[in-house]
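Let's take a look at rings, charges and greasy cores in a protein. Have the structure open and follow along.

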Amino acid sequence: MIEFEFVIALTEHRFLGNIFQPFLIQKKEQFYDVERMVRPHDFNTSDYQFKPFEIELVNIIERYSNEKLMRKFSRAANVTEFYSKLKPDYLEKQIIPFIEECMTEIISVLMLSPIRLFKKDSKYSNLYDDDIITVSPFYARPEYNFVRTKDETSYKLKVFLEDKELILRGENCKVIVNNPCLLLRGNQLISFEKLNSKKLTLFFEKDSVVVPNTIEEKYYAGFVLNAIRDYDVKGEGFLIENVEVEREATLSFEQDLKRMPVLVLKFKYGNEIFQPSSNKKVAVTLKHENGEYIFY
């Protein structure tokens, strides 16, 4: 009986760029022979017994098949017409974000499953052990490092995976998904929980970014504050203080959209109010006094 292995391959679509695709492969002496790409109809017609997480991956990937994208994003009569009339701006703003959402779901499954990931050149049907991409079960942790002097502020963005710093500059790095960033570094796939790739790609070519003190007030009130709110931050030349504030839960009578009376639950931390459904985890306020910046 022929033994097949279910794998995911990172390959390049002619119009869509880098995407994940599912395949059944067979081990040969020096390589893996790609038997076929897996589609949902294979679940009942193939001799291979698909596992639940393999079925989940195939169904996610099917969402951005050529046919499904055509039906979702156009009224084209066929796939050829769909891609021939596809405008770059519409592709970039509508279709690519949808595909990236799917790919983010896929990587969350791969991080916790034994399924192997390969790089696959669309021109070739064979895979090799050198094509294997390692997938860590942990998210990478970004850390901003700011240094303020009298003339300027410089900052670096460091990346840690399992507390080991990853060097990006000069490495073979390629962004696979923009937001949250999915980064291919050599044969290692690095996943971020919420970092946008635009914040990272600056450091593929440089060690640090410098901001002159002529714009520092706006810079600290915007970029630095948001970095402290969303990521781990280390800073020199200014202060970051974690403060304890009074906390209370409140119930209030309010009107909903139909002007019906409703009870609304809120949580108050000092002057900050959080809704129960809010995704906000941290509140940051800035005080600028006597030339000093203090973040609370």
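## Charges over rings

Start with Lys-27, which sits over the face of Tyr-32, 4.5 Å from the ring centre. Keep in mind that you're looking at a predicted model. There's another pairing of this kind to find: Lys-72 has its charged end over the ring of Phe-73, at 5.7 Å from the centre.

## Rings meeting rings

How many aromatic pairs does a search of the whole structure find? The count comes to 25. Take Phe-82 and Tyr-83: their ring centres are 4.8 Å apart and their planes meet at 50°, so this pair counts as tilted. Phe-82 is buried, with a relative accessible area of 3%. Tyr-83 is buried too, at 7% relative accessibility.

Now try Tyr-144 and Phe-223. Their planes are at 90° with the ring centres 5.8 Å apart, so you can call the pair edge-to-face. Tyr-144 belongs to strand 7 (residues 141-148) and Phe-223 to helix 6 (residues 216-230), so the pair ties together parts that are 79 residues apart in sequence. Is each ring buried or exposed? Tyr-144 is buried, with just 1% relative accessible area, while Phe-223 is partly exposed at 27%.

These two rings also belong to a cluster linked by ring pairs. Besides Tyr-144 and Phe-223, its members include Phe-146, Tyr-155, Phe-203, Tyr-219 and Phe-238.

## The largest core

In soluble globular proteins, nonpolar side chains tend to be buried together. Here, the largest nonpolar core has 42 residues. Which of them have the most contacts inside it? They are Phe-6, Phe-20, Tyr-64, Leu-69 and Ile-99.

Several elements give two or more residues to this core, among them strand 1 (5-13), strand 2 (17-27), helix 2 (52-62) and helix 3 (66-73). Helix 5 makes the largest contribution, with 11 residues.

Let's zoom in on Phe-6. Setting aside neighbours within four places in sequence, Phe-6 is in contact with residues including Pro-22, Phe-23, Leu-24, Tyr-48, Phe-50, Leu-57 and Ile-115. Glu-54 is also one of its contacts.

## A second core

There's a separate core as well, with 32 residues. Among its members are Tyr-155, Leu-166, Ala-227 and Phe-238. Two of those names may ring a bell: Tyr-155 and Phe-238 also appear in the cluster of linked rings.

Terms used: Residues numbered from 1 in each chain as written. Predicted model: local features only at pLDDT ≥ 70, side-chain atom pairs only at ≥ 80, totals over all residues. Heavy atoms only, no water. Phe/Tyr/Trp six-rings, centres within 6.5 Å; stacked < 30°, edge-to-face > 60°. Buried < 20%, exposed > 50% of the residue type's maximum accessible area, 1.4 Å probe, protein only. Helix = DSSP H or I, 4+ residues; strand = E, 2+ residues; numbered from the N terminus. Lys NZ or Arg CZ within 6 Å of the ring centre and 35° of its normal. Core = buried A, V, L, I, M, F, W, Y, C linked by side-chain atoms within 4.5 Å. Contact = heavy atoms within 4.5 Å.
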